[in-house]
Amino acid sequence: MSHSSPQSNVYALVAEYPTPEALLTAAEKVRDAGYKRVDALTPFPVHGIVEALGLPKSRMAALVFCAALFGAIGGFYLQVWLTTQQYPLTISGRPYFSWPNYIPVTFECMVLAAGLTAFFGMLIRNRLPRPYHPLFATRGIEASTTGKFMIVVESTDPKFDEKGTESFLRSTGAESVNAAPFDDFGRDQAADGAAK
Amino acid sequence: MMGICFLIVGLLFTTITKLVTTGIGIWGNNQPVAWAFDIVNFVWWIGIGHAGTLISAILFLFRQEWRTSINRFAEAMTIFAVMCAGLYPLLHLGRPWLFYWLFPYPNVMQTWPQFRSPLMWDVFAVSTYFTISVLFWYTGLLPDLASLRDRAKSRIAQVITGVAALGWRGSARHWQRYDIIYLLLAGLSTPLVLSVHSIVSLDFAVAQLPGWHTTIFPPYFVAGAVYSGFAMVLTFMIPVRAFFGFKDFVTQRHLDAMSKVMLATGLIVLYGYAMEAFVGLVYSGNPNEYFQMHNRMFGPYGWSYWMLITCNGIIPQLLWLKRVRLNPVLLWFITIVINIGMWLERFVIIVISLHRDFVPSSWGMYFPTKWDFGMFIGTMGFFGFMMCLFIRFIPMFAGFELRELLHKKKSHSH
């Protein structure tokens, strides 16, 4: 796992802002300056940050829709196959293919498939669970889940330059800028799951 | 409190041990009343669970921001209530260790479940409901666990919360997907919760028995579930609020809003009782229906019907008064009354309908045994015990949502 800039021992620079508004303004500046490998860390979802940073739109909704469809068709087909082909029984004189009776289980299968896909799909697409991440070694990073708003610029960004980027981030109104140090473990991890 | 609950959990385990080693003959149910406390309690607990989903999912979709300070608590209640509920049908199977026969899987016996039975629908409904409730709850917890991890002082706390938070770091990409799936889970839970109690009601409505065989059941059961669920949330919330001083999080407004939901669903339930009486005594013209309703009111279990009307129909009308809604002590007593009333409702529907059906030669009486009560009180202790553990160890309020709300409020006032 070789890394493109072995002279730098920095995974990313993390700039800290006091409010979501400051974060959004700064994020637009970062995007307009041409940084691509960026992210934000916030204690709660900040509306508009995805657009402000120019991140790609998520396709979770489509994924869950497909899962729901799969669950519904699968659940319905399971019952049709069992009651007409595999194990046909006459129950209260109903026809073998008594589809109104299959609706409740079809519905439950749809919800179950969609729900499981939503939860585990979110985790997998977010590359979680991941107990270690290079960012966790940054000074003051704990505040990102409790009250501070942060922008991350990764060192793999083509425009990244430790000194220049740091002063640029300060000019966007950051309260402080800290470097996330890179150990070998973190380097491998980052190369593995680039920018996820 | 926790100690008392723990003792009662002991009672539950004793009962289950006795039940599994002896058989379900230790319960009082037998022909003709083959369903009694077990199904009464099952429906009661499932109904209680529904308030959690309603508060967290439906109020989320309606953007009712006051839900934020009670949703975590109510969701936890859902999960524990569904656990209690699930125990009953499971143990009523007689050989609970063969419960997996209920699921469709290829087996050497070459048999498959019978999908035209509402009992089979129940298996799917309740297991899906439990799974989705747990996922929804954990999704909501994830950012708060990360926040706990970052504030944890001791090594043990750091490791435990670190593992539980799954490495959540509040990245913008993560939040984007998180927001979408939280909305989707809420959207899925909403019809799910309605379907679960509708399917539970079909366990009865699909049968031919007078008193069960009515089309009014699904909506009437769902309203009853919400009614008892909100009552149970308040039964727990009011003492917790007073004891821990959470009056800034759970305000008078919450009590007021929840009382109004109880009042509204209570009126729907009351309408259900009125319709049952009207159809049975007047409209159907069917002698069996007529007899069933008459027997419900004036038969040997008539006392339970009139207690039900008092508990669910008359006393909660006090909630029309704002003074009552804002008085936590009085409100707490009303929620207890509603909990009792909703339990009686299921008792009336199940036991009274079963004990005298079409042919007098198959009539009988039902008397619960001490093991019936052991099981019932035991699950209440289990529920209380789990709630105590929850309050002690898991963030009771949705921290990140409260922060977001606080921020919104601040920027609006600028």
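**Exercise 1. Find how many bridges join β2(A) to strand β3 of chain A, and in which direction the two strands run.**

Solution. In this predicted model, begin with β3, which covers residues 149-154 of chain A, and count the bridges that connect it with β2(A): there are four, and the two strands run antiparallel. Next, follow individual residues across the pair: A:V38 has A:V153 as its bridge partner in β3(A), while A:D39 has A:V152 as its partner there.

**Exercise 2. Determine where the side chains of A:V38, A:D39, A:A40 and A:L41 point, and whether they are buried or exposed.**

Solution. Start from the general rule that side chains in a regular strand alternate between the two faces of the sheet. Then apply the rule to β2(A), where A:V38 and A:A40 point one way, whereas A:D39 and A:L41 point the other way. Finally, check the burial of these residues, for which the cut-off is a relative accessible area under 20%; all of them turn out to be buried.

**Exercise 3. Place β2 in its sheet, and explain why one side of β2 and of β4 in chain A is left without a neighbour.**

Solution. First, write down the order of the strands, which is β2-β3-β1-β4 in chain A, an open sheet of four strands with antiparallel pairing. Second, look at the ends of that order: β2 (38-41) and β4 (176-181) of chain A stand at the edges and have a single partner strand each, so one side of each lacks a neighbour in the sheet. Third, consider the twist, since neighbouring strands of this sheet are turned by 25 degrees against each other on average, with direction ignored. Last, add the helix that packs on the sheet, namely α5 (residues 162-171) of chain A, which touches β1 (10-17), β3 and β4 of chain A and whose direction makes about 10 degrees with that of β1(A).

**Exercise 4. Describe chain A as a whole, working from its elements to its domains.**

Solution. Counting the elements gives six helices and four strands, and reading them from the N terminus on gives the series β-α-β-α-α-α-β-α-β-α. Of the 196 residues in chain A, 47% count as buried. The domain assignment then divides the chain into domain 1 (10-50 + 132-190) and domain 2 (60-125), and the C-alpha centres of these two domains of chain A lie 44 Å apart.

**Exercise 5. Work out how chain B meets chain A, and which three residues of chain B supply 18% of the area it buries there.**

Solution. Begin with the residues taking part in the contact, which are 50 from chain B and 65 from chain A. Continue with the area buried between the two chains, about 5,300 Å², of which carbon and sulfur atoms give 68%. The three residues sought are B:R116, B:R169 and B:R173, and their 18% share of what chain B buries against chain A is more than that of any other three residues.

**Exercise 6. Describe how the two domains of chain B are placed and how they meet.**

Solution. The assignment gives domain 1 (1-103 + 112-204 + 368-414) and domain 2 (207-367) of chain B, whose C-alpha centres lie 22 Å apart. Their contact takes 44 residues from domain 1 and 39 residues from domain 2 of chain B. Between them about 3,700 Å² is buried, and carbon and sulfur atoms give 82% of that area.

Conventions
Residues are numbered from 1 along each chain as its sequence is written. Chains are lettered from A and ligands numbered from 1 in the order in which they are written. This is a predicted model: local features need pLDDT of at least 70, side-chain atom pairs count only at pLDDT 80 or more; totals for chains, interfaces and linings use all residues. Side-chain values use heavy atoms; hydrogens and water are left out. Two strands pair if DSSP finds at least two bridges between them. Axes are lines fitted to C-alpha atoms, for helices over the stretch in contact, and angles run from 0 to 180 degrees between N-to-C directions. Contact means heavy atoms within 4.5 Å. Domain bounds come from an automatic or database domain assignment. Buried means under 20% relative accessible area, exposed over 50%, partly exposed in between (1.4 Å probe, protein chains only). Buried area is the accessible area (1.4 Å probe) that two parts lose on being put together, summed over both.
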